[in-house]
Amino acid sequence: MKSDQLIEIAKIHIAKSGYEGASLSTIASDVGIKKQSIYSHFKSKEELFLQAFQDAVEKELLFVKRFLEDDEDISLKDLLNQFINEYLERCQKNTNTSFYIRSSFFPPVQLRELIIKETYKYLDQLEDLIESLFEQKYAVNSKAAAIAFLTLLDGLFVEFLYGTSERLKERTEKSLLVYWQGIRAMKGEF
């Protein structure tokens, strides 16, 4: 049980302060143990971080799968628009999501290659899910549509990290408008 608690508390501190700014002493204190006790669960801060990151990736994939499978009757456009808005809201309110975003964009230098590898595994699965939706619901080049959608999402994550909520809202609305105009043009709809 303490391992799970340590992972969840570590996510909170790393999402807020980054890997370098997160203190094992503070994490241990928040769990109600001494810093030395962390080492009976994890060999190092790096191992705790990696376990937290893998847990975050699993939870993000679960969120995505549930969200995209939830509404079969909704149009693809409405579903993906809602997905982006929900995901951006999760960035602000969900510790797991904010930890994942911060850690994948700003990995600890010594763990960069591992984090990038895990992030790409997540993104590949996300791309497959989006591509499958296009294949089922909208007859266009599903690979191109999925890649463009994920590129749009990445840009909005960057705006989330660096911009204001007003800029994020405007960029979300304008980007989705242009994205769907492009998708409609691919299909020959005007």
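Modeller: Happy to walk you through this one. A helix here is a DSSP run of H or I with at least four residues, and a strand is a run of E with at least two. Please keep in mind that this is a predicted model.

Colleague: Thanks! How many helices and strands does the secondary structure of the chain come to?

Modeller: Read along the sequence, the pattern is α-α-α-α-α-α-α-α-α. The C-alpha atoms fill a box of roughly 65 × 30 × 30 Å along the principal axes. The count for the chain is zero strands and nine helices.

Colleague: Are α5 and α9 roughly parallel or roughly antiparallel to each other?

Modeller: Helix α5 covers residues 76–93 and helix α9 covers residues 165–187, and their axes come within 12 Å. These axes cross at roughly 155 degrees, and the crossing is right-handed. Angles over 145 degrees count as roughly antiparallel. The two helices are therefore roughly antiparallel.

Colleague: Which residues of α9 make the contact with α5?

Modeller: On the α5 side, the contact is made by Leu-76, Lys-77, Leu-80, Asn-81, Ile-84, Asn-85, Leu-88 and Gln-92. The residues of this contact divide into seven nonpolar, four polar and one charged. From α9 come Leu-168, Thr-172, Leu-176 and Trp-180.

Colleague: Now for the empty space. What volume does the largest cavity have?

Modeller: Rolling a probe the size of a water molecule over the atoms shows where empty space is left. With a cut-off of 30 Å³ or more, the structure holds one cavity. The largest cavity has a volume of about 40 Å³.

Colleague: Which elements give two or more residues to the lining of that largest cavity?

Modeller: The cavity is lined by Ala-10, Ile-14, Tyr-19, Leu-24, Ile-27, Lys-45, Leu-48 and Phe-49. By class, the lining has seven nonpolar, no polar and one charged residues. The elements giving two or more of the lining residues are α1 (2–21), α2 (24–31) and α4 (45–70).

Colleague: And the largest pocket: which helix supplies the largest share of its lining?

Modeller: The largest pocket has a volume of about 270 Å³. Of the 16 residues lining this pocket, the closest to its centre are Ser-104, Phe-105, Thr-119, Leu-123 and Asp-154. At least two lining residues each come from α6 (95–105), α7 (112–137) and α8 (142–162). The largest share, seven residues, comes from α7.

Colleague: How many residues of that pocket lining are nonpolar?

Modeller: Here Phe counts as nonpolar and Asp as charged. In the lining of the largest pocket, two residues are polar and one is charged. The nonpolar residues number 13.

How values were computed. Residues are numbered from 1 along each chain as its sequence is written. This is a predicted model: local features need pLDDT of at least 70, side-chain atom pairs count only at pLDDT 80 or more; totals for chains, interfaces and linings use all residues. Side-chain values use heavy atoms; hydrogens and water are left out. Axes are lines fitted to C-alpha atoms, for helices over the stretch in contact, and angles run from 0 to 180 degrees between N-to-C directions. Angles under 35 degrees count as roughly parallel, over 145 as roughly antiparallel, 65 to 115 as roughly perpendicular and the rest as oblique. A crossing is left-handed if the near helix is turned anticlockwise from the far one by less than a right angle, and right-handed if clockwise. Contact means heavy atoms within 4.5 Å. On a 1 Å grid over the protein atoms alone, a cavity is a set of points where a 1.4 Å probe fits but cannot get out, and a pocket is an open set with protein on both sides within 12 Å along at least five of seven lines; lining residues have an atom within 4 Å of a point. Grid points are joined across faces, edges and corners, and a volume is the space filled by probe spheres set on the points.
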